[in-house]
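Okay, everyone, thanks for coming. I'll put the model up now and then walk you through a few parts of it.

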Amino acid sequence: MLSRVAESLYWLSRYIERTDGMLRMLKINYASSQDAIAEFSWSPVMHLFCDRNDERLEAMEFNSRTVLQYMVIDKENPNSILNIITQVRENARSVQDHITKDVWQCLNEYYHTVKDPKLNAMLKKDDPISVLDILIKQGMLFYGITEITMARNEGSSFMRIGKYLERSIQSVNILDIKFGSVDHNPDLLTNTNYWKHLLFSIGGYELYLKTYRQGFEAENVLDQVVLNNEFPRSVIYCINQLFKYFERLKGDGHITAGNLAFLIGRLQSKVKYSSIKGLKKGDLHLYLAEIKSELYGIGNAFNQTCFNIY
Amino acid sequence: METKSYTKSYDLPKNTWDEMFNDSETVREEYKTVMNYLDLESTEELNKKEELSKALFMSQGITFTVYNSGEGIEKIFPFDIIPRIITADEWSFIEKGIKQRVTALNLFLKDVYSDQFIIKDGIVPIDVIYSCPHFLREMVNVKVPHDIYIHIAGIDLIRDNDGTYYILEDNVRTPSGVSYMLENREITKRLFPDLLPQCKVRSVIEYPTVLYNNLLSLAPHDVADPTIVLLSPGSFNSAYFEHTTLARLMGIELVEGPDLIVEDHKVYMKTTAGLQQVNVIYRRVDDDYLDPLAFNPTSLLGVAGLMNAYRKGNVTIVNAVGNGVADDKAVYVYVPDMIKYYLNEEPLLKNVPTYQLGNASERAYVFENISRMVVKQTNGSGGYGMLMGHASTEEEIEAYKLEILKDPRQFIAQPTISLSSSPCYMQGKLQPRRVDFRPFALCGPNGIDIIPGGLTRVALKEGSLVVNSSQGGGSKDTWVLSK
């Protein structure tokens, strides 16, 4: 497969995963902003998905509508859903002969949905959750159509690698931000709603209820999001998947492994054999930062070994 | 339900061959089924079909982007829902005529790049060839597989007011539009359920298979499992949709210049597993941009060293390089003579009478009668740089004359041919618009195949004779009927 094509597929998939994470995060946060008695701060969400240097962020921190418009349809915000989906579509356009026609049409329609002026108007005055649901559904369609129509070949392996790398980075980021806030406000550690809310936003609430039966505790949340291999957004699950598709590419002779095998294997062991329950507050941040930096390292290694060899 | 006769409101143009109507009352035999179908539909129904066709083009991303005040606006190429029909007899004549013409053009290319008998025998003047910017000395004595230069030809046909077909121009470099032949048909299937089989319309679906098999057989002979790629200028090219469609339908790799590299006179593509040799390149990049070392040195669309690999026979380029000398509009004049010279046959499809402005007496005649002429640049395409005598002002004509006098060889003139009209569904009624027709011929080692269909281009502006998509033209599905 052409390096350019592999790279486009990888990024296409990363971008879709990112929008999915963003949209869910926006939906849950908006819902809980409707529950909040005190002013609801969007700062953690914006830190996750926006450029922290954008001076406009501070002014909109407490204004849900403005934040939603900024993050969904703002043309000036390079990380808005609109701009990311535009990138997705451009990537898809340039690899149309490697994705199925159904996948292309789905992404093309996603793009036209985000661009639709009606959506814009709805986001300004109607129920934002309806808008977010429309977009989330477009992403779901992509996942479903990919699953059903795409051949399980090299291209789909690169797409999955992009997806799981992006997802694991998101999960680590969310933990880091959520536990970071605890440092400033220790009461949060025992605030049930705080942890419930985290689980909702990454779709892990129901699994949590079934797995941990003694209420909402920070430690258990951490355990699920990092180490529960049954949870599709957990760090360990993502890394295992990453490893699986990397092995598949390597086994079929599609790539030369370079130091990728080493990097992925090391991270896998590191996460698998860590005992986070014992971690102290300060060490947790360090631990998450390390994982994150290794994930970035894997991304760079793919870039060097597969996408920009020449 | 109230039915409506679309025939009555049709304003038949004078002195013009209309594709659907014999006269203002009667519909041609081949269109009767379609007309009966239409007459049963209300305008609301037809408007719905028109909307559906737009939605289908949009959702499939068959669009191009117009940049307006920094904002990209997606547009679709206009499509008219009423099909254009060609009868079995007409088709078999067109098919023979095009095969004859393409055969002669191919022999001409082989000759002009080797022995040049046609020049030595005085059939084509030497200065017409050597003054043509698309005659490439780099191609002289280069051996191409099976002596095929023209693998894909798009020959444009028009009809004069008595219905006679004429060759308007030959496109044997990188003719485009075939994806519209394929997509228009897919859309018509949705717009008019069951109508295609009722009318016994021949399918166009074989095109990619025939082309792919030809490409396979053109690989250098010692390669068992050839790698075939389609070289595109990239996603900003207005024909990019066509490139991806063809690559997908043939299952070949779509590459851009930077994806390829030449080493040791062999062409490779950069893959995740290393370099992989490429044997056949179906290129949609013009000659001039193909290799910065041989041609335009500023080109980023091509591959450095490609021409050397080609000359060595390590890679096949489709269409061959240097074909522009065969579809040059000054050379066009000589194609009927070529057919006689190479094939000893009378040309079946006629040329439009053409005056060469390089010739002083013909130039004088054209200047006198310029209001009845169309003047074109010999190497132009896409409808750019034309002068339509009947529709131009005094000043435009004078300015254009000065342009001509700078280098008369680069211009030809043809009497204004009215072009046949075909009904288009616009604002709730049928309105006549001018059309041409481009069928696609595929040449391989086993002969020439012409897929029964093609691209009918429509000049959407009332009274306009310019059908090029870059000049506001649209397209129609073209039905070739079986016997």
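**Domains, chains and one loop**

So, let's begin with how chain A is split up: there's domain 1, residues 1-150, and domain 2, residues 168-310. Keep in mind as I talk that this is a predicted model. Taken over C-alpha atoms, the centres of domain 1 and domain 2 of chain A sit 22 Å apart.

How many residues of domain 1 of chain A are in contact with domain 2 of chain A? It's 13 residues of domain 1, and they meet 14 residues of domain 2. On the domain 1 side, the elements giving two or more residues are α1 and α2 (43-49) of chain A. The largest share there comes from α1(A), with nine residues. If you sort that domain 1 side by class, you get six nonpolar, five polar and two charged residues.

Now for the other chain. Here 20 residues of chain A are in contact with 18 residues of chain B. Which elements of chain A give two or more residues to that side? They're α1 (3-35), α5 (81-94) and α6 (101-115) of chain A. So α1 of chain A turns up again here, but the largest share, five residues, comes from α6(A). By class, the side of chain A that touches chain B divides into seven nonpolar, eight polar and five charged residues.

Next, a pair of helices. Helix α13 (residues 235-251) and helix α14 (residues 260-272), both of chain A, have axes that come within 10 Å and cross at roughly 155 degrees. Angles over 145 degrees count as roughly antiparallel, and that's why we call α13(A) roughly antiparallel to α14(A). The crossing is left-handed. From α13(A), the residues making the contact include A:I239, A:F243 and A:F246, and from α14(A) they include A:L260, A:I264 and A:L267. The whole contact has ten nonpolar, two polar and one charged residues.

Last stop: the loop between α14 and α15 (281-307) of chain A, where you'll find A:K277. Is A:K277 buried or exposed? It has 10 C-beta neighbours inside 10 Å, so A:K277 counts as exposed. Leaving aside neighbours within four places in sequence, A:K277 is in contact with A:E219 and A:D223. And have a look at A:N220 too: A:K277 and A:N220 are 57 residues apart in sequence, yet 8.3 Å apart in space, C-alpha to C-alpha.

That's my tour, thanks for listening!

How values were computed
Residues are numbered from 1 along each chain as its sequence is written. Chains are lettered from A and ligands numbered from 1 in the order in which they are written. This is a predicted model: local features need pLDDT of at least 70, side-chain atom pairs count only at pLDDT 80 or more; totals for chains, interfaces and linings use all residues. Axes are lines fitted to C-alpha atoms, for helices over the stretch in contact, and angles run from 0 to 180 degrees between N-to-C directions. Helices (H or I, at least four residues) and strands (E, at least two) are DSSP runs, numbered from the N terminus. Angles under 35 degrees count as roughly parallel, over 145 as roughly antiparallel, 65 to 115 as roughly perpendicular and the rest as oblique. A crossing is left-handed if the near helix is turned anticlockwise from the far one by less than a right angle, and right-handed if clockwise. Two residues are in contact if their C-beta atoms, placed from the backbone, lie within 7 Å. Ala, Val, Leu, Ile, Met, Phe, Trp, Tyr, Cys and Pro count as nonpolar, Asp, Glu, Lys and Arg as charged, and the others, Gly among them, as polar. Domain bounds come from an automatic or database domain assignment. A residue is buried if 20 or more other C-beta atoms lie within 10 Å of its own, exposed if 12 or fewer, and partly exposed in between; C-beta atoms are placed from the backbone.
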